[in-house]
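Thank you all for coming. I would like to walk you through one structure this morning, slowly enough that someone who has never looked at it can follow along on the screen.

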Amino acid sequence: MRKDYNLEKRKYIIGGFICVLVVIYLVRLFNLQLGDSTYKDSADSNAFLRKIIYPARGLVYDRNDRLVIFNQPAYDVMLIPRDVGEFDTLALCKVLGIDKARLEELWAEMKDPRKNPGYSSYRAQKLLSHLSQEEYGRLQEKLYLFPGFFIQKRTIRQYNYHAGANVLGNIREVSAEDVEKDRYYRSGDYTGDLGIEKSYEKALRGVKGMEIMMKDAHGRIQGKYENGIHDVSPEAGKNLKLSLDMELQQYGETLMRGKIGAIVCIEPATGEILALVTSPNYDPTLLIGKDRGKNYAELVKNPYMPLFDRALQAAYPPGSTFKPTQGLIFLQEGIIDNSTAYPCHRGYVNGLRVGCHGHGSPITLKPALQTSCNAYFCWGLKNMLDRQGTTPSAQLTKWKDYMVSMGYGYKLGVDLPHESRGFIPNADFYNSSFRGKDWSANSIISISIGQGEVLATPLQIANLGATIANRGFFYTPHVVKEISDSTIDKRFKVKHAPRIKKEYYETVAEGMRMAVLGGTCKGANLVDIEVAGKTGTAQNPHGRDHSVFMGFAPYKDPKIAVCVYVENAGFGATFGVPIGALMIEKYLKGEVSAGRKGAEQHMIHSNTIANSGVKKH
């Protein structure tokens, strides 16, 4: 009898088909039981209520252990949609202090997957946040009337100082992107936004806990599951100790009222930032509670941009505060020595003219710093870039490398978000700008006096002051001193030494001291504090010049380096110098002397915003 091979083949095909069906069934069963949480959520939600216990966010203190940011309780209205039974809508509205239209709006937002990507009818969802203590009490009494609803306790930030908002930052509700990037978050959670709240978020937020409650067949809470042995306690966030002196910060913000600009104060020996003032600023309490969204929108629309941290985000022409860097480079390169003199015929005159004010001529480096002579530094740059045996491009590359080593042209690495790098032009930039045509020192001479294409942040200018104060080194500026009694990040302990010999820094420091004793910084000459400084009057193509000051004190044992930048305020001596001197005196002595009270009041009550050309709508 002949074998039926077709029948044999069909047997294997049918067997294989059955095996495939079994595999598909097993995979599907696995997904339902382990992979897909829908059924598990459904079963669990019938018997358990898992309540997240949010940890206390870390507290924040200033350098003198003054409490700056603390927590206070806040309450969110939560619900599990599938457990919500029939309830009196108007009664709930009355308890919450809202109307029916608002309740319907909140309900729709909760169920909208675009606004609430983590929505599930089996999981707890937030309906309304930031109940007041009074609203919480009313709802707690009536909660039995609203099946499926419960109250989630959280904490919100509170502030002991109405200052430093740009440094402190705030917290906001997480976005879908936040949830996607970090599995710690669920929809409705909060995260740091701006300032230290953002840059130190992982340290501040702590670790969530979990409380498991038993429910009966009607969804009513019966108590803790197995007496709470499966509960997980939250871990509080770590406390931060800032390098800021909040009284100095407040004082700086008071001096900058009615002005646009910034103040940065640094402790040279550590790189710790003592004050980081931006103006105009805002009260940090505006960005907490129910009105956060409305207040934030108003701040965004404000034409003076209070959310823009000018201390580390604004890139300005540094003006004559840049001249010390040029003196250092020329000394290091052997272009000049302490006896090298250049002429100043009311400015630099060599095929073009760069103006200057009246003083003796010819002039050497220290008096050039004292009087802020433009011609001296123009001649220095010309002799460096047009040096025989090399090219302007090669020399400018060398020049830029020196500038980068001094902290210009790149981010310094401060522990706050959104730092600007400023701008230091290189040879490629000018080759492109001049479209392949030859260029020389005269073509770009304005960079020698901190104008032209050169841009710097107030943080970078203050860091230069700290470097000169230290006679040749700096630490990366930072605003956090300690994290829960542990040491700061190692990168803030690394000493950065620019490619300049220490003795040249001493020469430049002497010139800056001369500027205070009898030069452009005479307004910073304090009776019992030796101050060294450098003014800057930065040209502004859009309006009145900017007033700038950079300095440090005491001269022989520096405790503070400062940069003051006031937009559209005229000469450096007009606003930059007196504000800088007041900040130095306030920090070193704790108060301003009687003889300087007049200057203090003048700075507090002066208004230069009108010079900015910004129109308030």
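I will start with a sheet, move on to a helix that helps to cover it, and finish with two glutamines and the cysteines. Please keep in mind throughout that this is a predicted model.

Let us begin with the sheet, which is open and made of 5 strands in the order β12-β11-β20-β19-β18, with antiparallel pairing. At its edges stand β12 and β18, the latter covering residues 532-538, and because each of these has a single partner strand, one side of each is left without a neighbour in the sheet. Neighbouring strands of this sheet are turned by 5° against each other on average, if direction is ignored. Across β18 and β19, the latter being residues 546-553, lies helix α18, residues 502-518, which runs at about 75° to β18.

Within this sheet I would like to spend a little time on strand β11, which runs over residues 261-267 and is mostly covered, since 7 of its 7 residues are buried. Its side chains can be sorted by direction: G261, I263, C265 and E267 point one way, while A262, V264 and I266 point the other way, and residues in both groups are buried.

What does β11 pair with? On one hand there is strand β12, residues 272-279, which runs antiparallel to β11 and is joined to it by 7 bridges; here A262 stands opposite T278. The two strands form a hairpin with 4 residues between them, and in that hairpin G271 takes a positive phi near 80°. On the other hand there is strand β20, residues 560-566, again antiparallel to β11 and joined to it by 6 bridges. If you follow that pairing on the screen, you will find G261 with V566 as its bridge partner, and I263 standing opposite V564.

From here we can step over to helix α10, because β11 and β12 are among the elements that cover the buried residues of this helix, together with others including β3 (67-79), α6 (165-168), α19 (576-589) and α20. Helix α10 is itself mostly covered, with 8 of its 10 residues buried, and these are M246, L248, Q249, Y251, G252, E253, T254 and L255.

How do α10 and α20 pack, in terms of angle and distance? Helix α10, residues 246-255, meets helix α20, residues 597-605, at an angle of about 65°, with the axes 7 Å apart, and that angle makes α10 roughly perpendicular to α20. In this contact Y251, T254 and L255 come from α10, and they meet E600, M603 and I604 of α20. By type, the residues of the contact divide into 4 nonpolar, 1 polar and 1 charged.

Now to the two glutamines, which sit in other strands. Q125 lies in strand β4, residues 125-131, and it is buried, with a relative accessible area of 4%. Leaving out residues up to four places away in sequence, Q125 touches V77, M78, L79, P81, M110, N116, G118, Y119 and S120. It is also worth looking at D76, which is 49 residues away from Q125 in sequence, while the two are 9.9 Å apart in space, taken from C-alpha to C-alpha.

The other glutamine is Q158, found in strand β5, residues 149-159. Is Q158 buried or exposed? With a relative accessible area of 18%, Q158 counts as buried, because the cut-off for that word is under 20%. Leaving out sequence neighbours in the same way, Q158 touches V68, I69, F70, Q72 and I288.

Finally, the cysteines. How many disulfides does the structure hold? There are 0, and two examples show why particular cysteines are not bonded. The sulfur of C356 has its closest cysteine sulfur in C344, at 3.9 Å, which is too far for a bond, because a disulfide needs the two sulfur atoms within 2.5 Å. For C563, the closest cysteine sulfur belongs to C265, at 9.2 Å, and that too is too far for a bond. Both of these cysteines are buried, C356 at 14% relative accessibility and C563 at 0%. You have met C265 already, as one of the buried residues of β11.

That is the tour I had planned, and I am happy to go back to any part of it.

Methods
Residues numbered from 1 in each chain as written. Predicted model: local features only at pLDDT ≥ 70, side-chain atom pairs only at ≥ 80, totals over all residues. Heavy atoms only, no water. Buried < 20%, exposed > 50% of the residue type's maximum accessible area, 1.4 Å probe, protein only. Axes fitted to C-alpha atoms, helices over the stretch in contact; angles between N-to-C directions. Parallel < 35°, antiparallel > 145°, perpendicular 65-115°, else oblique. Contact = heavy atoms within 4.5 Å. Nonpolar A, V, L, I, M, F, W, Y, C, P; charged D, E, K, R; others polar. Pairing = 2+ DSSP bridges.
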